[in-house]
Amino acid sequence: MGYAVEETWPALRAAYDAMAMLPRPEDCFLALRGLRTMHLRLKEAEARALQVAEWLKNRPEISRVLHPAFPDCPGHENWKRDFKGSSGLFSVVLQPGYSKQDVARMLDNMSIFGGGARYYR
């Protein structure tokens, strides 16, 4: 009931190629090294993102800031229940009147940090 290597090898190789994205030793070393300071970097990202989000709340171009740490954000109660902090990720809703081209120009001219945009109408 044995299988010949010639029969099974193509299927095994295809499965390996599809799923076996294994890290190299150097990748493992770098990941482990980064874990030692990850909590510090996440706390700093949280603090800076909250500062930027607070600043954006007072900008005339912004209709709403969606940050889970803000009480007026949908899902805030779930966030409080399930998490001990936030990350550097949040969203903004622009005031009406800005076009997709305006947003693209803003994103293209960012020099300190980057942003992603999703357009809803």
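This passage describes the nonpolar core, two buried loop residues and the cysteines of a predicted model. Residues are numbered from 1 along each chain as its sequence is written. Because the model is predicted, local features require pLDDT of at least 70 and side-chain atom pairs pLDDT 80 or more, while totals for chains, interfaces and linings use all residues, and side-chain values rest on heavy atoms, with hydrogens and water left out.

The largest nonpolar core (buried Ala, Val, Leu, Ile, Met, Phe, Trp, Tyr and Cys residues joined through side-chain atoms within 4.5 Å) consists of five residues, namely Ala53, Leu56, Ile62, Val65 and Phe70. At least two of its residues come from each of helix H3 (38–57) and strand E1 (62–66), helices (H or I, at least four residues) and strands (E, at least two) being DSSP runs numbered from the N terminus. Beyond its neighbours within four places in sequence, Ile62 is in contact (heavy atoms within 4.5 Å) with Leu56, Val92, Val93, Leu94 and Gln95.

His67, in the loop between E1 and H4, has a relative accessible area of 0% and is therefore buried, where buried means under 20%, exposed over 50% and partly exposed in between (1.4 Å probe, protein chains only). With residues up to four places away in sequence not counted, His67 touches Ala49, Leu50, Ala53, Cys73, Ser86, Ser87, Leu89 and Phe90. Ser86, located in the loop between helix H4 (76–82) and strand E2 (91–94), is likewise buried at 12%, and its contacts outside four places in sequence are Leu42, Glu46, His67 and Trp79.

Cys73 is buried at 11% relative accessible area, whereas Cys28 is partly exposed at 35%. The count of disulfides (pairs of cysteine sulfur atoms within 2.5 Å) is zero.
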